[in-house]
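Please explain how this chain is built, beginning with its overall form and ending with its interior.

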Amino acid sequence: MTGSANAARLDAVVLAAGASSRFSGGKLLAPWGDGVLLDGALGAAFTAPTETVTVVWGADARVPAAAETFAARIGQIDRLRLVHAERHAEGMAESLKAGVARLPSDSAGAFIFLGDMPRIAPEAPSALAKAMTTGTLAAAPCFAGRRGHPVLFASTLYPALLSLSGDRGAASVLAGLGDDLALVDSPDDGVLFDVDRPEDLDEGGV
């Protein structure tokens, strides 16, 4: 189908623009494993079957340097794109729109990763891409009956993503898809785990 993720080119957007108020700031640069929290999401995004990885930043001006450091360390700096979401304070939708708006014109689909979700299994994005070959418009992982992240959107849905507002992300777009959303079972809860507060770091990685 035209504009679906059946085509060869997929890209990734990593949302890393929030103020992390419940963490008292600086969440994405908090220690995690051998690096920082953001590295977890970046690792999954760069492992995904994507051409580019766009990191959307806003509240924390250190994020671009952290993303560049990680990409350089794994030899993938050429795939990294950095986008500043000028209106990030207005909610997650503004960060999402900033990233989607800068995707290449020939992008057939995009994975949306959240920067504070560090435990996405490396095989998860490829499973989503495979699910999209059936002609659905989006694919998302699920665990224990709950939908998680990342979500893969066909380019057909980019206009809908660009029309979002507020702090609810793309949930409203997914809610209207019905059978056009493929749900892929995940073997672990990494697709649900995110870090909101400092104590969440104790659940792994540090």
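The paragraphs below proceed from the overall dimensions of the chain to its core and its surface.

The model is a predicted one. Its chain contains 6 helices and 10 strands. Along the principal axes, the C-alpha trace extends over about 45 × 35 × 35 Å. The radius of gyration is 16 Å, which agrees with the value near 17 Å that a compact globule of 206 residues would have. As to how the chain is connected in space, 77% of the contacts with a separation of 6 or more join residues that lie 24 or more positions apart.

Turning to the interior, 55% of the 206 residues are buried, that is, under 20% relative accessible area. The largest nonpolar core has 73 residues, and the members that touch the most others are Val14, Leu38, Val55, Phe111, Phe153 and Leu161. Helix H1, spanning residues 37–47, supplies the largest share of this core, with 7 residues.

Leu161 illustrates the packing around one of these members. When neighbours within four places in sequence are set aside, Leu161 contacts Leu96, Lys97 and Val100, together with Phe153, Ala170 and Val173. Phe153 is thus a contact of Leu161 and is also listed with Leu161 among the core members that touch the most others.

The surface completes the description. The accessible area of the chain is about 9,300 Å², and carbon and sulfur atoms account for 50% of that area. The chain carries 16 positive and 25 negative charges, and the mean positions of these two sets are 3 Å apart.

Methods: Residues numbered from 1 in each chain as written. Predicted model: local features only at pLDDT ≥ 70, side-chain atom pairs only at ≥ 80, totals over all residues. Heavy atoms only, no water. Core = buried A, V, L, I, M, F, W, Y, C linked by side-chain atoms within 4.5 Å. Buried < 20%, exposed > 50% of the residue type's maximum accessible area, 1.4 Å probe, protein only. Helix = DSSP H or I, 4+ residues; strand = E, 2+ residues; numbered from the N terminus. Contact = heavy atoms within 4.5 Å. Rg over C-alpha atoms; globule rule 2.2 N^0.38 Å. Areas by Shrake-Rupley, 256 points an atom, 1.4 Å probe, with all protein chains shown as cover. Lys, Arg positive; Asp, Glu negative; His and termini not counted. Charge placed at Lys NZ, Arg CZ, Asp CG, Glu CD.
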